Protein chains: 4
Amino acid sequence: MTAHHTGGERSPRLHLLTEAEQTTSFVHTVTVRFGDCDPAAIAYTARIPAWCLEAIEAWWKHHAGFDWYELNIDRGLGTPFVHMRMDFRAPVTPRHPLVCEVIMKRLGHRSITLVVAGVQDGILCFEGEFVSVFVDAKAMKARTPPPDIVERIQQTTRRRAAEPGGRPPQPPTA
Amino acid sequence: MTAHHTGGERSPRLHLLTEAEQTTSFVHTVTVRFGDCDPAAIAYTARIPAWCLEAIEAWWKHHAGFDWYELNIDRGLGTPFVHMRMDFRAPVTPRHPLVCEVIMKRLGHRSITLVVAGVQDGILCFEGEFVSVFVDAKAMKARTPPPDIVERIQQTTRRRAAEPGGRPPQPPTA
Amino acid sequence: MTAHHTGGERSPRLHLLTEAEQTTSFVHTVTVRFGDCDPAAIAYTARIPAWCLEAIEAWWKHHAGFDWYELNIDRGLGTPFVHMRMDFRAPVTPRHPLVCEVIMKRLGHRSITLVVAGVQDGILCFEGEFVSVFVDAKAMKARTPPPDIVERIQQTTRRRAAEPGGRPPQPPTA
Amino acid sequence: MTAHHTGGERSPRLHLLTEAEQTTSFVHTVTVRFGDCDPAAIAYTARIPAWCLEAIEAWWKHHAGFDWYELNIDRGLGTPFVHMRMDFRAPVTPRHPLVCEVIMKRLGHRSITLVVAGVQDGILCFEGEFVSVFVDAKAMKARTPPPDIVERIQQTTRRRAAEPGGRPPQPPTA
């Protein structure tokens, strides 16, 4: 969970891994339950970052082909969070599906930034930004993500860009 | 959970309610359990904001004399969060007690800001800032907190300031 | 949550409400997440009754047309659990969908009994029995469930019985 | 989590490990929080088995000297649950501390049975029985518990029996 941005010279190969904001959309829908709500009859606040993490894990499975369990155990890649920031704009209730949109803002050499927006019945309930770093799952030391996973994320997040009228791919960022 | 900062002129009475950073310290200790940890053998990230909220609820009970259940049901006061921001600096494990220090940064007319720092074995594991607004628990509309609760918070958070060598009370902020 | 089986003479109308074991099947599928698992890399035990409750709430929504939030708040009906019994037969992991089959064993005047079986990749992981009583949501006192809800449950749970080859409806039990 | 009661001849040494009902008492106190409660303003049912497990883990730390994290990671011993049974007798709320009494009913060669009773303000809210088996933490295969852990449990659970007026030790059971 520690982020050792040891930096140093970046190889040309690593530079290519850097990916800008996602041009496709990804949605994860949550059914809010009675037990998620508190005596104020709205979802208890601590449930909301938990749902964002659930949506982000679903994002990984869809885009990288691995959920966190598989990434950790099968691929030896940990993605601990180093930062989260959330704004809560309207109460969440079981009255409507909770639609969580996840967008990758940046895929860097050492970290990945995802934003999550939660919408119920057309109303923005919350939005947040989540930054994870890449670590070796055993040693918990900083590493770069495996090239095949980066490539698959790049392909999946740019899919729409190739379609007519699609948003053009963004230039890579540092 | 919505924050309607309707603003407008503040009455002299309301101005007196405003309270600056806490001069006392408050600590809430958590026993991290096996079930709080994930297959990486560290506390799952979503547990951490949940513990911060638990520490903040303990802060309320100690400083205001009411926990959130009592505030909502007995006093009709809701304190929904509108913002949270967290940095995760080191993994949390069951190896040591998790000491959560909570400090009030600001008690305003419409909102309260608290910071939480989580320490294990002398190492800062996480820190965060949490902003809640005051609402009528039924109508979920903005209100000012009851004067007796404000007064008790002021007394409790300044207790140390009156002691010899204590940190002097801070001037009220807007 | 208290069950006051005040008993007394049952009216003919109430007798008709009694319903025997469900002849249809209902399945609720859970995606097991990284955060549901403990350092043994299997789902933490406390997650399992929580999933059973989630599956039972989904059963209510499907069969009665109301989830627990709607039952409590809109219909004034509480269904607190008075008993649960579970056997854990194999570990649950994120490797496969967790298929939870819920069957109503008995719908009585005062209580409802549901059984839940959790299956992953064809292996029975757990099974349990859950008994709830019907109470007035405010007073928490025993009551009979609303006739329209009973009727809808009866229709939904017997649907398959009317189909060719379907299992015949069971005689009502006390 | 699978229980392979392979049985077979028990060695004389193993027979000595068998321990009958605990003659001391152990209490674990829980602070019920706002977020533990549902819109019915009582603790959500799924929280209750979770608290029982928390109380049982505290029992292990006190009696064996290891919590589940230490047992699994440092001692290679898993104690997966194979059975739980609970009766819910009265609602749990944040109004009072939740006092969970844990008593060991039986320590066998392959399994351990613990009962938990939850009391608030003198009222029995729930009681349950929990059966765990001993497994190798990696292979998840049945094993006997380490002798030093058995011995420490035996000493701790019988401590009061040696005191004047203490309850006499029970004869070992199969």
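Let me begin with one pair of residues: A:M84 has B:M86 as its bridge partner in β3(B), where a strand is a DSSP run of E with at least two residues, a helix is a run of H or I with at least four residues, and both are numbered from the N terminus. What we are looking at is a predicted model, in which local features need pLDDT of at least 70 and side-chain atom pairs count only at pLDDT 80 or more, while totals for chains, interfaces and linings use all residues. Residues are numbered from 1 along each chain as its sequence is written, chains are lettered from A and ligands numbered from 1 in the order in which they are written, and side-chain values use heavy atoms, with hydrogens and water left out.

That pair belongs to the junction of two chains, since 5 bridges join β3 of chain A, residues 81–88, to β3 of chain B, residues 81–88, and these strands run antiparallel. Two strands count as paired if DSSP finds at least two bridges between them. The junction sits within an open, antiparallel sheet of 10 strands, ordered β1(A)-β4(A)-β5(A)-β6(A)-β3(A)-β3(B)-β6(B)-β5(B)-β4(B)-β1(B). At its edges are β1 (26–30) of chain A and β1 (26–30) of chain B, each of which pairs on one side only.

Across the strands β1, β3, β4, β5 and β6 of chain A, and also β3 of chain B, lies helix α2 of chain A, residues 47–64, which runs at about 135 degrees to β1(A). Contact here means heavy atoms within 4.5 Å, and the angles, from 0 to 180 degrees, are taken between N-to-C directions of lines fitted to C-alpha atoms, for helices over the stretch in contact.

Now to chain C: how many residues of strand β5 are buried? In β5(C), residues 111–120, 7 of the 10 residues are buried, so the strand is largely enclosed by the rest of the structure; buried means under 20% relative accessible area, exposed over 50%, and partly exposed in between, with a 1.4 Å probe and protein chains only. On one partner strand, β4(C), 8 bridges join it to β5(C) in antiparallel fashion, and C:R106 stands opposite C:T113.

Finally, chain C and chain D bury about 2400 Å² between them, 71% of it on carbon and sulfur atoms, where buried area is the accessible area (1.4 Å probe) that two parts lose on being put together, summed over both. Each chain, C and D, gives 29 residues to the contact.
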